[in-house]
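Hi everyone, thanks for coming. Please pull up the sequence and the model on your screens, and we will walk through them together.

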Amino acid sequence: MSAPCREPVFSPADILLPRDCDWRKWSVVACDQYTSQPEYWQRVEEYVGNAPSALRLILPESCLDGPNVETDIVEVNNTMSRYLREERFTVLPNAMIYVERTLDGGKVRRGLVGKVDLEQYDYEPGSGAPVRATEGTVLSRIPPRVAVRKNAPLELPHALLLTDDREDRLMGYLTAHREEMEPLYDFGLMEGGGRVAGWRLGAAHLEETARILEELTDPEAFRKRYHTDDPGIFFAVGDGSHSLATAKECYERQKRHTAPEGWAALPARYALAELTNLHDGSLEFEPIHRVLFGVEPRTVLDALVAAFPDAYYGRGEGHVLSYVHAGGTGMVTVPHPSAALEAGTLQAFLDEYVRGRGGRVDYIHGADMARRLGSRPGALAFLMPALDKNALFDCILREGALPRKTFSMGRAQDKRFYLEARRIR
């Protein structure tokens with residue numbers, strides 16, 4: 001019996017690129033970075049000035065709780081509409097873009113920009129969808145993002161999807177044929193972001209890419225590789241999980257007011273994203289550290305020890321949680337933890353503690369920054385270990401989505417910068 005025809009999970013899109021602008025001022029880092037470092041966004045604001053910029057089309061996460069958030073959202077949507085009226089974009093119909101991102105340290109991360117089918121994505125725990133979240137989704141973080149997206153005429157992507165392409169078939173092909181493609185951009189990114197270059201795939205490249213993607217998303221091949229009955233994880237959301245979850249929610253809202261035969265035509269059914277190989281040599285999994293603000297460190301630490309049977313101060317067998325505060329450094333060991341990862345052990349405690357006793361938790365990229373923030377009065381930092389990226393798909397198969405903010409794909413300045421756009425209304 002022949003296999004049923006499957007809708008492609010990842011496919012070409014009508015991609016918008018800015019024109020007649022300073023690329024370096026246009027492109028800014030993902031909105032969920034530097035949430036506890038307002039000075040970063042202030043520097044970006046000053047550098048961009050009045051120039052056309054993606055900065056005017058996004059809302060940094062640090063502003064979501066601000067007093068002017070509703071006004072800020074209206075301004076973002078108005079600017080999107082104005083940029084469209086001014087024909088600020090060049091349209092690349094039915095396009096995919098091969099991207100090479102040279103990171104600040106010199107490594108090159110290769111990616112492919114296209115659209116992901118949200119009908120085949122689910123962030124719920126235990127999902128069997130072809131596209132899954134790698135980490136737990138915080139449902140309370142979705143409504144404010146929906147408020148930004150629901151009336152927006154455009155989306156700008158910062159989601160990075162991971163494929164388990166151990167033979168490097170897709171990116172290897174694109175790299176080998178790069179010189180045959182149309183060059184689109186090549187420029188340096190602000191604030192230590194490195195450099196980014198992009199090429200538009202030609203018709204032959206699109207055809208071969210579709211063939212390779214079909215192989216990478218073959219359910220039977222997945223089951224054989226992982227010795228599982230699972231229907232298959234074709235792509236895992238590495239970065240931008242809450243952004244993609246927001247897109248999914250907005251799509252589901254539109255579905256409720258649209259006949260099923262019209263779902264495929266909804267622009268909201270798809271989201272622009274960049275696909276990259278989990279095994280790319282440039283891709284390094286960095287831990288995401290936890291910093292509490294507005295707390296008395298010793299009170300928190302004593303509560304942590306009391307929360308787990310046989311937990312104690314010092315290093316031992318089990319989950320070792322390293323901490324930093326103004327009074328010094330140390331460790332707490334949790335023997336025989338029920339969670340598989342240290343992030344799971346700690347996160348459960350932090351959620352309960354903040355809910356019952358106050359304080360605020362932020363998630364920080366970079367151990368040095370976490371130490372500096374944790375050393376401030378009324379703050380406490382927990383330094384997390386790194387996750388082995390080669391175990392990612394196995395972990396998701398065994399345990400479902402990992403605890404939120406378990407890992408980061410590189411440092412904050414390595415995150416995806418906004419550049420491309422797509423109409424969603």
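Let me begin with a question: how many nonpolar, polar and charged residues does the lining of the largest cavity have? Keep that in mind while I set the scene.

What you see is a predicted model. To look for empty space, we lean on a simple idea: rolling a probe the size of a water molecule over the atoms shows where empty space is left. Here, the count comes to 5 cavities of 30 Å³ or more. The largest cavity has a volume of about 610 Å³. Its lining is made of 37 residues, and Cys-31, Arg-145, His-158, Ser-243 and Tyr-418 are the closest to its centre. Try clicking on those five residues, and you will be looking at the middle of the largest cavity.

Which elements give two or more residues to that lining? They are α4, β8 (154-155), β12 (235-239), α8 (241-255) and β20 (407-409). The largest share, 4 residues, comes from α8. And now back to my opening question: the lining of the largest cavity has 14 nonpolar, 11 polar and 12 charged residues.

The second largest cavity has a volume of about 80 Å³. Among the residues that line the second largest cavity are Ser-27, Val-99, Tyr-185, Glu-274 and Phe-417. By class, this lining has 6 nonpolar, 1 polar and 5 charged residues.

Next, the pockets. The largest pocket has a volume of about 1,000 Å³. It is lined by 41 residues, and those nearest its centre are Thr-35, Glu-61, Val-361, Asp-362 and Tyr-363. Five elements each supply at least two residues of this lining: α2 (38-48), α4 (142-149), α10 (342-357), β18 (360-365) and α11 (367-374). Which of them gives the largest share? That is β18, with 6 residues. Sorted by class, the lining of the largest pocket has 12 nonpolar, 12 polar and 17 charged residues. Notice, too, that α4 appears in the list for the largest pocket and in the list for the largest cavity.

Now let's turn to a helix, α3, which covers residues 69-85. It has 17 residues and reaches 24 Å from its first C-alpha to its last, close to the 24 Å expected at 1.5 Å a residue. Which residues of α3 are buried? They are Val-69, Ile-73, Val-76, Asn-77, Thr-79, Met-80, Tyr-83 and Leu-84. These residues cover an arc of only 155 degrees around the axis, so they sit on the same side of α3. The face turned away from that buried side carries the exposed residues Glu-70, Thr-71 and Arg-85. If you look down the helix axis on your screen, compare those two faces.

My last stop is strand β16, residues 319-325. Is this strand mostly covered or mostly open? Mostly covered: 6 of its 7 residues are buried. Strand β16 pairs with β17 (residues 328-334) through 7 bridges, and the two run antiparallel. Together they form a hairpin with 2 residues between them. One pair to find is Tyr-323, whose bridge partner in β17 is Gly-330. Strand β16 is also joined by 4 bridges to β19 (residues 379-383), again antiparallel. There, His-325 stands opposite Leu-380 in β19.

That is my tour, so please send me your questions.

Note on methods: Residues are numbered from 1 along each chain as its sequence is written. This is a predicted model: local features need pLDDT of at least 70, side-chain atom pairs count only at pLDDT 80 or more; totals for chains, interfaces and linings use all residues. Side-chain values use heavy atoms; hydrogens and water are left out. On a 1 Å grid over the protein atoms alone, a cavity is a set of points where a 1.4 Å probe fits but cannot get out, and a pocket is an open set with protein on both sides within 12 Å along at least five of seven lines; lining residues have an atom within 4 Å of a point. Grid points are joined across faces, edges and corners, and a volume is the space filled by probe spheres set on the points. Ala, Val, Leu, Ile, Met, Phe, Trp, Tyr, Cys and Pro count as nonpolar, Asp, Glu, Lys and Arg as charged, and the others, Gly among them, as polar. Buried means under 20% relative accessible area, exposed over 50%, partly exposed in between (1.4 Å probe, protein chains only). Two strands pair if DSSP finds at least two bridges between them. The expected span of a helix is 1.5 Å times one less than its number of residues. The arc is that of the directions from the helix axis to the C-beta atoms.
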